[in-house]
Amino acid sequence: MWKFNNIEVFFDITTRCNAGCPQCHRTDLFNVSKKASWLPDVVWSVNNFKKAVPPKVAKHIKRADICGTWGDPIANNDLPKIVEYLVKENSLIQIDVNTNGSLRNDDWWWKLGCAGGKNLSVIFAVEGINQKMHEHYRQNTFLDKILNNMDILSNTPARVKTLCLVWKHNEKYLKEIKKMCVRHGSIDHVLKVTERFDTGIPDAPKKSDKLEFYNKGEKKVLERTSWKKTEESGVFRSVRQTYYLDSIFLSHDRKREISNLNKLKKRMDITCEWGNKNKVVINPDGQVWPCCYFCNPTYKNSNDDTKGEYKNTFSSNPVMREYENNKRELNIFHNSLDKILNNKWFKETLPNSWESKKPVNACVRFCGKKSMLR
């Protein structure tokens with residue numbers, strides 16, 4: 001399982017974001033221009049980051065995935081300084097920044113690209129050939145601004161990549177979207193289909209092909225793509241309930257990773273995807289988790305007073321109770337990452353639970369045999 005050397009780390013360095021994407025965990029579906037009411041305002045300064053990731057830790061990080069479940073990394077003013085620090089301490093590190101790309105001026109993007117250089121890739125979300133199509137999902141973002149920022153970054157040593165989520169409203173324009181992204185510097189374009197269609201809005205169906213949401217009082221609807229998720233259409237399913245469309249978009253390493261995980265799953269009831277990638281996630285509060293399926297509900301539960309069956313079931317599992325009892329020791333602001341990964345919880349408790357009669361539900365659902373990769 002997890003080893004300190006060549007570790008991959010998913011960093012969530014802010015809860016701020018300018019966008020109002022209806023499927024995002026941070027979004028209030030009754031007004032996507034606002035964040036969820038329970039979500040705290042958190043921004044890591046470069047000094048906070050250095051405390052969490054001192055040089056002795058930075059040099060062991062193979063990849064820093066600065067993405068953010070609860071915010072957009074470019075909403076953090078110190079992102080260029082954070083990137084510069086990581087490259088200074090580890091010349092071999094690979095840094096991926098995922099963003100909606102609809103913030104900051106030309107000078108800021110130029111500084112970011114120069115700070116990260118060849119070590120940096122920025123993945124911009126582009127989902128339409130015009131503003132109306134793009135903002136159908138990426139509410140409160142501006143396509144022209146995004147494409148301009150891509151142009152600026154592409155003139156630095158950093159790499160520009162693009163991500164397009166596929167919906168019914170853009171499924172007929174995917175080739176045009178890709179061509180447009182390539183014209184603005186993208187060297188890698190990925191299509192994905194997501195499964196987050198639970199609305200949370202009263203009286204709405206739990207499982208649906210549509211997601212209702214509101215922006216400034218106006219009701220809107222997001223519809224699932226009609227693309228079929230079959231092997232014949234070249235679709236690959238990941239443990240994360242996300243579909244990668246067209247095998248040509250999968251890197252050689254990703255194909256090999258899927259193949260290795262499938263082999264393991266044939267002989268193991270639960271095969272931890274993140275553990276096999278030697279990757280952990282660090283939440284805005286500094287808690288280190290084995291994957292997003294652990295950190296997302298626990299972060300919400302720790303800040304939201306709303307009670308629920310899932311919250312009680314998840315938190316009552318013996319594995320989670322032990323984590324809670326050792327919470328301070330498993331926080332990056334109170335303990336170093338190497339010591340956290342060598343903690344009994346990571347070394348024994350969690351791995352042992354996969355062979356027990358009562359594993360964590362998230363492990364069964366997302367990394368169990370029923371979630372086999374194709």
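Where is the place of Asn-278? Select Asn-278 to begin the tour: this residue sits in the loop between α9 (273-276) and β11 (279-282). Keep in mind as you click along that this is a predicted model. Asn-278 is not a glycine, yet its phi is positive, about 55°. Is Asn-278 buried or exposed? Its relative accessible area is 12%, and buried means under 20%, so Asn-278 is buried.

**Another positive phi**

Next, select Arg-104, in the loop between β3 and α4. Phi of Arg-104 is near 80°, again a positive value in a residue other than glycine. With a relative accessible area of 22%, Arg-104 is partly exposed.

**Two helices that cross**

From that loop, move on to helix α4 (residues 106-116) and add helix α6 (residues 143-154) to the selection. They pack at an angle of about 40°, and their axes are 8 Å apart. That angle makes α4 oblique to α6. The crossing of the two helices is right-handed. To view the contact itself, show side chains for Asp-106, Trp-109, Trp-110 and Gly-113 in α4, which meet Asn-148, Asn-149, Ile-152 and Leu-153 in α6. Coloured by class, this contact has 4 nonpolar, 3 polar and 1 charged residues.

**The buried side of α3**

Now go to helix α3 (residues 79-89) and pick out its buried residues: Leu-79, Pro-80, Ile-82, Val-83, Tyr-85, Leu-86 and Val-87. What do the buried residues of α3 pack against? Their partners are α1 (46-52), α2 (55-58), β2 (61-66), β3 (94-99) and α4, so keep α4 on screen for this stop.

**A hairpin**

Select strand β7 (residues 210-215). In a regular strand, side chains alternate between the two faces of the sheet. On β7, Leu-211, Phe-213 and Asn-215 make up the covered face, while Lys-210, Glu-212 and Tyr-214 are on the uncovered one. Add strand β8 (residues 218-223), which runs antiparallel to β7 and is joined to it by 6 bridges. For one facing pair, look at Lys-210, opposite Glu-223 in β8. The hairpin has 2 residues between the strands, and Lys-216 takes a positive phi near 55° there.

**Zoom out**

Finally, show the whole chain, whose secondary structure comes to 15 helices and 12 strands. Of its 374 residues, 55% count as buried. If you draw a contact map, consider contacts between residues at least 6 apart in sequence: 73% of these join residues at least 24 apart.

Notes
Residues numbered from 1 in each chain as written. Predicted model: local features only at pLDDT ≥ 70, side-chain atom pairs only at ≥ 80, totals over all residues. Heavy atoms only, no water. Buried < 20%, exposed > 50% of the residue type's maximum accessible area, 1.4 Å probe, protein only. Helix = DSSP H or I, 4+ residues; strand = E, 2+ residues; numbered from the N terminus. Pairing = 2+ DSSP bridges. Axes fitted to C-alpha atoms, helices over the stretch in contact; angles between N-to-C directions. Parallel < 35°, antiparallel > 145°, perpendicular 65-115°, else oblique. Left-handed = near helix turned anticlockwise from the far one by under 90°. Contact = heavy atoms within 4.5 Å. Nonpolar A, V, L, I, M, F, W, Y, C, P; charged D, E, K, R; others polar.
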